[in-house]
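Student: I would like to learn how to read a structure model at the level of elements, burial and contacts. Please take me through one.

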Amino acid sequence: MSEHVYKSLELTGSSTTGIEDAVSKAIAKASATVRNIHWFNVVETRGHVEDGKVAHWQVTIKVGFTLE
């Protein structure tokens, strides 16, 4: 295994359908401008409630990517 140096950044994704979708959206958006993303860690999960039901999921993640 080669040695890597990672940098991490914090993102928050949002979804009306669920936690996994919120994470996927955040990673997909970041991947458009950040190369070499290799891992993520869920930092916080929260949501928005309307009329007694979950309206939106919000998930904050840290993603790690290797420096070139």
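Tutor: What follows goes from the whole chain to single residues. This is a predicted model, in which local features need pLDDT of at least 70, side-chain atom pairs count only at pLDDT 80 or more, and totals for chains, interfaces and linings use all residues. Residues are numbered from 1 along each chain as its sequence is written, and side-chain values use heavy atoms, with hydrogens and water left out.

Student: Which elements does the protein chain have, and in what order do they run?

Tutor: Helices (H or I, at least four residues) and strands (E, at least two) are DSSP runs, numbered from the N terminus. The protein chain has one helix and three strands, in the order β-α-β-β from the N terminus on.

Student: How do I read the radius of gyration of the protein chain?

Tutor: It is taken over C-alpha atoms and set against a globule rule, 2.2 Å times the number of residues to the power 0.38. For a compact globule of 68 residues the value would be near 11 Å, whereas the protein chain has 14 Å. Along the principal axes, its C-alpha atoms fill a box of roughly 50 × 20 × 15 Å.

Student: What does buried mean, and what percentage of the residues count as buried?

Tutor: Buried means under 20% relative accessible area, exposed over 50%, and partly exposed in between, with a 1.4 Å probe and protein chains only. Of the 68 residues, 25% count as buried.

Student: Which residues make up the largest nonpolar core?

Tutor: In soluble globular proteins, nonpolar side chains tend to be buried together. A nonpolar core is a set of buried Ala, Val, Leu, Ile, Met, Phe, Trp, Tyr and Cys residues joined through side-chain atoms within 4.5 Å. Here the largest one has eight residues: L11, A22, V23, A26, A30, V59, I61 and V63. Helix α1 (19-31) and strand β3 each supply at least two of them, and α1 gives the most, with four.

Student: What does A26 touch?

Tutor: Contact means heavy atoms within 4.5 Å. Not counting residues up to four places away in sequence, A26 touches L11, T12, G13 and I61.

Student: Is S8 buried or exposed, and how far is it from V63?

Tutor: S8, in strand β1 (residues 6-15), is partly exposed because its relative accessible area is 38%. S8 and V63 are 55 residues apart in sequence but 5.4 Å apart in space, C-alpha to C-alpha.

Student: And is T66 buried or exposed?

Tutor: T66 lies in strand β3 (residues 53-66) and is buried, as its relative accessible area is 10%. Beyond four places in sequence, T66 touches H4, V5, Y6, R35, N36 and H38.
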